[in-house]
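Work through the exercises below with the sequence and the model side by side. Each task is followed by a solution in steps.

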Amino acid sequence: MATMEEKECDKSEPSVDEIWSFIKETRGEGFFHSFHRKCSHAIPSRQILDLIKAFVDQDTVLSIGSGLGLWEWLMMNYADLKVIPTSRSGDGYETGRKLVPWSVDVESMDAEDAVKAHIECGVLFICWPSNGFDYAYRALNSFSGDKVVFIGEWYDGCCATKSFFDLLDSDYHQVDCRDTLKCESEFTLRESWDFEPFCSIHRMEQHRYLHDEIYLFDRKKSGK
Ligand SMILES: C[S@@+](CC[C@H](N)C(=O)[O-])C[C@H]1O[C@@H](n2cnc3c(N)ncnc32)[C@H](O)[C@@H]1O
């Protein structure tokens, strides 16, 4: 008999409100148990989506490593942005797409190839690039647009590689940075989630808990 988690979701056109409800319910189940498997590695909120919308403006967003495509779906359906979701299903994470109620067309491709194939995109969106993997760096290095949205943990957290952050630091100005967990009017998250260790493997003491931030960057004039 199929368990709840194995049951495929009905994909008939969910409303934005239905997806916010799904996010809220899944958050109640905790991060490790459910949220990152059924939603995303980062928690979306209306405030953060509004911030992204204002920053992106009329540009087209290229998302790399889109995973289950929740942020991408919300950028399209809540924020009304033009988005091209791409991801390379290397770690099996994408198989979870059949379990979620939204449906997003995600081009299956490596992040660097995606950047080279979509030079029309002025914004590069990267949410929780896999720790220790160089695809975020390679994609950023090939990117010729001007704006970058990064969501995750900075430098010695659990995202990407040092080379990725070095490149952001050298070629981009930080326009804004917000704690995505604090930008939560609908939920009281921080109290419960702050005490859930996110990654115990190579985390330094001060980084034992989920630190989830959004960073907005503009290319420096002297950049590519
Ligand atoms: C940690 S998950 C984050 C997924 C999603 N952005 C989120 O926040 O939940 C990293 C994603 O990057 C994908 N990925 C891994 N290597 C990649 C590569 N070389 N190019 C593009 N995507 C890749 C993985 O399959 C996975 O979906």
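**Exercise 1.** In which sense do strand β1 and strand β4 pair, and over how many bridges?

Solution. The model is a predicted one, in which local features need pLDDT of at least 70, side-chain atom pairs count only at pLDDT 80 or more, and totals for chains, interfaces and linings use all residues. Residues are numbered from 1 along each chain as its sequence is written.

Step 1. Locate β1 at residues 60–64 and β4 at residues 123–127. Strands (E, at least two residues) and helices (H or I, at least four) are DSSP runs, numbered from the N terminus.

Step 2. The two strands pair in the parallel sense over 4 bridges; strands count as paired if DSSP finds at least two bridges between them. Ser63 stands opposite Phe125 in β4.

Step 3. Place the pair in the sheet, which is open, has 7 strands with mixed pairing and runs in the order β3-β2-β1-β4-β5-β7-β6. Strands β3 (107–108) and β6 are at the edges with a single partner strand each, so one side of each has no neighbour in the sheet.

**Exercise 2.** Determine how the residues of helix α7 are divided between buried and exposed positions.

Solution. Step 1. Apply the cut-offs: a residue is buried if 20 or more other C-beta atoms lie within 10 Å of its own, exposed if 12 or fewer, and partly exposed in between, with C-beta atoms placed from the backbone.

Step 2. In α7 (residues 162–171), Phe164, Phe165 and Leu168 are buried. Seen down the axis, the buried residues of α7 fall within an arc of 95 degrees (taken from the directions from the helix axis to the C-beta atoms), so they line one face of the helix.

Step 3. The face turned away from the buried side carries the exposed residues Lys162, Asp166, Asp169 and Ser170.

Step 4. The buried residues of α7 pack against α6 (135–142), β5 (147–152), β6 (172–179) and β7 (213–219). Leaving aside neighbours within four places in sequence, Leu140 is in contact (C-beta atoms, placed from the backbone, within 7 Å) with residues including Phe164 and Leu168.

**Exercise 3.** Compare the surroundings of Asp80 and Trp128.

Solution. Step 1. Phi of Asp80 is near 60 degrees, a positive value in a residue other than glycine. Trp128 has a positive phi of about 50 degrees, although it is not a glycine either.

Step 2. Asp80 lies in the loop between α4 (70–77) and β2 (82–87), and Trp128 in the loop between β4 and α6.

Step 3. Asp80 is exposed, with 8 other C-beta atoms within 10 Å, whereas Trp128 is buried, with 22.

Note on methods
Two residues are in contact if their C-beta atoms, placed from the backbone, lie within 7 Å.
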